[in-house]
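This report describes strand pairing and nonpolar packing in the model shown below.

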Amino acid sequence: MIGRGLSALALSVIFTGSLPFAAQAASTFTLSSPAFQDNGMLAQKYAGATPGNASCTGDNVSPPLSWANPPVGTKSFALLLSDPEGKAGLGVSHLVAYGIPASINGFAEGDLTQGKGFVGGKNSPGTAVYHGPCPPAGSGLHHYTFVLIATDLPPHALGPGLTREQLLEKLQGHAKGGAGIIGRFGQ
């Protein structure tokens, strides 16, 4: 008798071969922010504040981020922020952060600007911390892609100063999963 003692979830898996959507969604690795929706607009305060650069019109405050349901076996996270439309389509790296302990599930507003809770890599402007959006006037809306990578590396496995490309090379064979969110910004 198939139905005796089996839950509705077990029966669904037996008959359909997959978990119901609600059960699948509950275990999905996610990255989110209370400051903006995925593909939503970033507030002016999150834009860069480079003196002498007319495109950097914000306060360079990093937005708050949180994540849930990392893959089993995660020991640390890496967080990348890039603008694929930046530098006329060649891309700009705004943050390279790694060595984030698996016990952490987010960053408060400003933490990434202050270098709190991570090992700093090297972004396109050459800093080890968050550098907010600075799209040139007239270039339209840019998409600022936050990608969180779950890894099986201990938090202090990699030294500081890695570029985005160097980090991705070091994570080959160590990435367990990724989650992302996009914020848009333009002048």
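Strand S3 and strand S6 (residues 106–107) pair in the antiparallel sense over 2 bridges, and Ser66 stands opposite Gly106 in S6. Strands are DSSP runs of E of at least two residues, numbered from the N terminus, and two of them pair if DSSP finds at least two bridges between them. The model is predicted: local features need pLDDT of at least 70 and side-chain atom pairs count only at pLDDT 80 or more, while totals for chains, interfaces and linings use all residues. Residues are numbered from 1 along each chain as its sequence is written, and side-chain values use heavy atoms, with hydrogens and water left out.

Antiparallel pairings are listed here.

| Strands | Bridges | Residues opposite |
|---|---|---|
| S1 (residues 30–32) and S3 | 3 bridges | Leu31 and Trp67 |
| S4 (residues 76–83) and S5 (residues 92–101) | 7 bridges | Phe77 and Ile100 |

Strand S3 (residues 65–68) has Leu65 and Trp67 on its covered face, with Ser66 and Ala68 on the uncovered one.

An open sheet of 6 strands with mixed pairing follows the order S2-S9-S8-S4-S5-S7. Its edge strands, S2 (40–41) and S7 (119–120), each pair on one side only.

The largest nonpolar core (buried Ala, Val, Leu, Ile, Met, Phe, Trp, Tyr and Cys residues joined through side-chain atoms within 4.5 Å; buried means under 20% relative accessible area, with a 1.4 Å probe and protein chains only) has 25 residues. Leu31, Trp67, Leu79, Leu95 and Leu112 have the most contacts inside this core. Its largest share, 4 residues, comes from S8.

Note on methods:
Buried < 20%, exposed > 50% of the residue type's maximum accessible area, 1.4 Å probe, protein only.
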